[in-house]
Amino acid sequence: YYQGIGVDKAEEERHRADIEAAMESSKKDIENGRVLPAKLALEGVLPFLQQNSTLGSTALLELARVYEHDQQAASAERIYDELRSHPQLAVRRQATSLAAGMAARMRRLSGESWWRALMKSPWEKRKK
């Protein structure tokens, strides 16, 4: 089964401890407001992640959320787009759901209210 969906279980098991440690470290860093260490931890294991595995897709979803915290919408969207074709329905749904709410989460993370974003004038930057 795993070979059919492009997952090398032996390779994944070889790097499982590193991937799980990076995910745990990243989660703690984000909870403490440290985006850069969280991003570096997950990007460090990116070469070992297998998109179609459960572990790999979970780590990629975590990385996309870190990109949201870092205001890197294009990078987060790219990951969500890739995971929309995941073999597991739950992962496809989660990627679709997270992508749909990304703009609102990013506004909230940046501290900008939805009303201010809506009412922002295209000439506002010129007034300064």
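Mentor: A residue counts as buried when its relative accessible area is under 20%. Keep in mind that this model is predicted.

Trainee: Which residues are buried in helix α6?
Mentor: Helix α6 covers residues 102-110. With the cut-off of under 20%, the buried residues of this helix are M102, R105 and M106.

Trainee: Where do the buried residues of α6 fall, seen down the axis of the helix?
Mentor: The view down the axis of α6 puts its buried residues within an arc of 100°. An arc of that width places them together, so they line one face of the helix.

Trainee: Which helices are included in what covers the buried residues of α6?
Mentor: The cover over the buried residues of α6 includes three helices that come before it in the numbering. They span residues 54-69, 73-83 and 89-100. Their names are α3, α4 and α5.

Trainee: Which residue just after α6 takes a positive phi?
Mentor: The place to look is just after the end of α6. The phi there is about 90°. The residue is G111.

Trainee: How many helices and how many strands does the protein chain have?
Mentor: From the N terminus on, the elements run α-α-α-α-α-α-α-α. That order agrees with the count, which is 8 helices and 0 strands.

Trainee: What percentage of the residues in the protein chain is buried?
Mentor: The chain has 128 residues. Among contacts between residues at least 6 apart in sequence, 54% join residues at least 24 apart. The buried share of the chain is 33%.

Trainee: Which residues of the largest nonpolar core touch the most other members?
Mentor: In soluble globular proteins, nonpolar side chains tend to be buried together. The largest nonpolar core here has 27 residues. The members that touch the most others are I19, I79, Y80 and L83.

Trainee: Which helix gives the most to this core?
Mentor: Helices α1, α2, α3, α4, α5 and α6 each supply at least two residues of the core. The leading contribution is 8 residues. That helix is α3.

Trainee: Which residues of α4 are buried, and do they line one face or fall apart around the helix?
Mentor: The buried residues of α4 are S75, A76, I79, Y80 and L83. What covers them includes α3, α5 and α6. Seen down the axis of α4, they fall within an arc of 135°, so they line one face.

Trainee: Which residues does Y80 touch, not counting residues up to four places away in sequence?
Mentor: Y80 is one of the buried residues of α4. Leaving out residues up to four places away, its list of contacts is L61, A64, R65, E68, A95, L98, A99, M102 and R105.

Trainee: What separates the C-alpha atoms of L98 and Y80?
Mentor: L98 is found in helix α5 and has a relative accessible area of 12%, so it is buried. Its contacts, leaving aside neighbours within four places, are L61, R65, E68, Y80 and R105. L98 and Y80 are 18 residues apart along the chain, and their C-alpha atoms are separated by 7.5 Å.

Trainee: Is S26 buried or exposed?
Mentor: S26 is found in helix α1. It touches A38, L42 and V66, not counting residues up to four places away. Its relative accessibility is 1%, which is under the 20% cut-off, so S26 counts as buried.

Trainee: Which residues lie nearest the centre of the largest pocket?
Mentor: The largest pocket has a volume of about 260 Å³, and 15 residues line it. Those nearest its centre are T58, L61, E62, R65 and Q94.

Trainee: How many residues does α3 give to the lining of the largest pocket?
Mentor: The elements that give two or more residues to the lining are α1, α3 and α5. The lining divides into 5 nonpolar, 6 polar and 4 charged residues. α3 gives the most, with 8 residues.

Trainee: How does Q94 count at 41% relative accessibility?
Mentor: Q94 sits in helix α5, and its C-alpha atom is separated by 8.5 Å from that of R84. A value of 41% lies between the cut-offs of 20% and 50%, so Q94 counts as partly exposed.

Trainee: Which residue has a positive phi although it is not a glycine?
Mentor: The residue is found in the loop between α3 and α4, and at 41% relative accessibility it counts as partly exposed. Its phi is about 60°. The residue is Q71.

Technical notes:
Residues numbered from 1 in each chain as written. Predicted model: local features only at pLDDT ≥ 70, side-chain atom pairs only at ≥ 80, totals over all residues. Heavy atoms only, no water. Buried < 20%, exposed > 50% of the residue type's maximum accessible area, 1.4 Å probe, protein only. Helix = DSSP H or I, 4+ residues; strand = E, 2+ residues; numbered from the N terminus. Arc of directions from axis to C-beta. Contact = heavy atoms within 4.5 Å. Core = buried A, V, L, I, M, F, W, Y, C linked by side-chain atoms within 4.5 Å. 1 Å grid on protein atoms, 1.4 Å probe; cavity = no way out; pocket = protein on both sides within 12 Å on 5 of 7 lines; lining within 4 Å. Points joined across faces, edges and corners; volume = space filled by probe spheres on them. Nonpolar A, V, L, I, M, F, W, Y, C, P; charged D, E, K, R; others polar.
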